[in-house]
Amino acid sequence: RIQSWLFAAQSMEVTTVPTSPIAGQKPGTSGLRQKTKTFMSEHYLENFVQSTLDALVAEGVPVKGGTLVISGDGRYHNKTAIQIIIKMAAAAGVGRVWCGDHGLLSTPAMSAVIRTRSRGLAGMAPFGGFILSASHNPGGIDEDFGIKYNCENGGPAPEKVTNLIYTNTTTIKEYKLCCGLPEIDLSAPGSYTLGGGAFRVDVFDCVEDHMGLLQQVFDFGAIKALFAREDFSFVYDGMHGVQGPYAKKIFVDEFGAPASSLMNCEPKEDFGGPASASHGHADPNLTHAVELVARMGLNKEGREIETTSEPPVFGAAADGDADRNMIMGSRFFCSPSDSLAVIVANASCIPYFAAGLKGCARSMPTSCALDRVAEQLGIPYFEVPTGWKFFGNLMDSGTDAFPGKPVYTPFICG
């Protein structure tokens, strides 16, 4: 049952805080990343958020009265940063803020929420979202923190927007927030109406929208049948990142995998920390996902090792914000470049792509295996610079953003 709370109007008073530019706030290909203590320092987070909100207003984005999503990968400072941004959103005139419960949303889930959660209701679709993540970088007070902004299409802000954000960070003189707003309880779904109805915060199940989208793309019945087979065994390593709740709800509750098949699926602020097998480095590769790799019968060099029992048939892991993965077979490792090519080669097995792909793309460091598959399939393929935002134009082909241009969707990239 979702709880609802109504708070007094006087909590909406806007406070203007004088500030000055802080050097080095230029977003990279995956937003702004710095040490956690840097983000915790005076004005640092606030300067960047205000610069982003100002850039959106300058670009004509409907910030006032609009819907903004705010969540992250659960690393240290995540929950505190969310509360700050909520207060700044209210001061900017945002009408609604949506947060995943416990302040969690994987990066793919953030995109799903932005694109689908409004369910077509007029005026409810988010104009964008803040993702608090430094991806696979270690988390903790002495480690890394990050923030990135995704636009109304669910994808990362294009360079036109990030350049304007950076310009604003070099000239900022003040930021605004509603200091009187109460702390929002992120521990469970709930609805908070503030300012006599002028501002609302909704906390929702962080898994539901992403799982709903996956159900539209994949044949959940066929996958569940696979999990029920006696000759199929499975293990998944969440690396103590954001993916834990998704793994439990999808693999265990939906597909029927035993709970024992999940490893490190409790999100932690330090991803397990230096004492963990991964040393708190939630990066799904042979070096850092050492527990999964050993369980699958390999060492960090990809060579076979002795095991006390037969390794599972299939294994997988995700990074801190769950936008990268590694898949493995028994005593076998599949590189991310090859796994992308394998998916494209077999895309017709996936209901969403059953009618065929119209395009695919890879980032520059990804191997050319995808190119060879695309050539065989006779579909267009592209190479883009490193960074998810460079896939955006291709993903949006066929929409109002690119009228009269070639259409490359349905589309797979990585």
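These are my notebook entries on two helices and one sheet in a predicted model.

**Entry 1: the length of H2**

I started with helix H2, which covers residues 44-58. I wanted to know how far apart its end C-alpha atoms should be. At 1.5 Å a residue, its 15 residues should span 21 Å, because the expected span is 1.5 Å times one less than the number of residues. I looked up the end C-alpha atoms and found them 21 Å apart, which agrees. Just after the helix I noted Gly 60, whose phi is positive, near 80°.

**Entry 2: how covered is H2?**

Next I asked how many residues of H2 are buried. The count is 12 of its 15 residues, so I wrote "mostly covered", with buried meaning under 20% relative accessible area. Among the buried ones are Tyr 44, Phe 48, Ala 55 and Leu 56. Glu 46, Asn 47 and Gln 50 are on the buried list too.

**Entry 3: H2 beside H3**

Then I turned to helix H3, residues 78-91. A reminder to myself: two packed helices are described by the angle between their axes and the distance between the axes. Here the axes of H2 and H3 come within 11 Å and cross at roughly 40°. That makes H2 oblique to H3, because angles under 35 degrees would count as roughly parallel. The crossing is right-handed.

Which residues meet there? From H2 I listed Leu 45, Glu 46, Val 49, Gln 50 and Leu 53; from H3, Ala 81, Ile 84, Ile 85 and Met 88. Those five H2 residues also appear among its buried residues.

**Entry 4: the sheet**

I moved on to an open sheet of 5 strands, in the order E12-E11-E13-E14-E15, with mixed pairing. Its edge strands are E12 (262-263) and E15 (332-334), each pairing on one side only. Another reminder: strands of a sheet pair through backbone hydrogen bonds, either parallel or antiparallel.

I walked along the sheet from E12.

- E11 (residues 234-237) runs parallel to E12, with 2 bridges between them. Tyr 236 stands opposite Leu 262 in E12.
- E11 also pairs with E13 in the parallel sense, over 4 bridges. Val 235 has Gly 315 in E13 as its bridge partner.
- E13 and E14 (residues 325-329) run antiparallel and are joined by 5 bridges. Phe 314 is partnered by Gly 329 in E14.

**Entry 5: E13 and its turn**

Last, I looked at E13 (residues 314-318), where 4 of its 5 residues are buried. E13 and E14 form a hairpin with 6 residues between them. In that turn, Ala 322 has a positive phi of about 65°.

Note on methods
Residues numbered from 1 in each chain as written. Predicted model: local features only at pLDDT ≥ 70, side-chain atom pairs only at ≥ 80, totals over all residues. Heavy atoms only, no water. Buried < 20%, exposed > 50% of the residue type's maximum accessible area, 1.4 Å probe, protein only. Pairing = 2+ DSSP bridges. Axes fitted to C-alpha atoms, helices over the stretch in contact; angles between N-to-C directions. Parallel < 35°, antiparallel > 145°, perpendicular 65-115°, else oblique. Left-handed = near helix turned anticlockwise from the far one by under 90°. Contact = heavy atoms within 4.5 Å.
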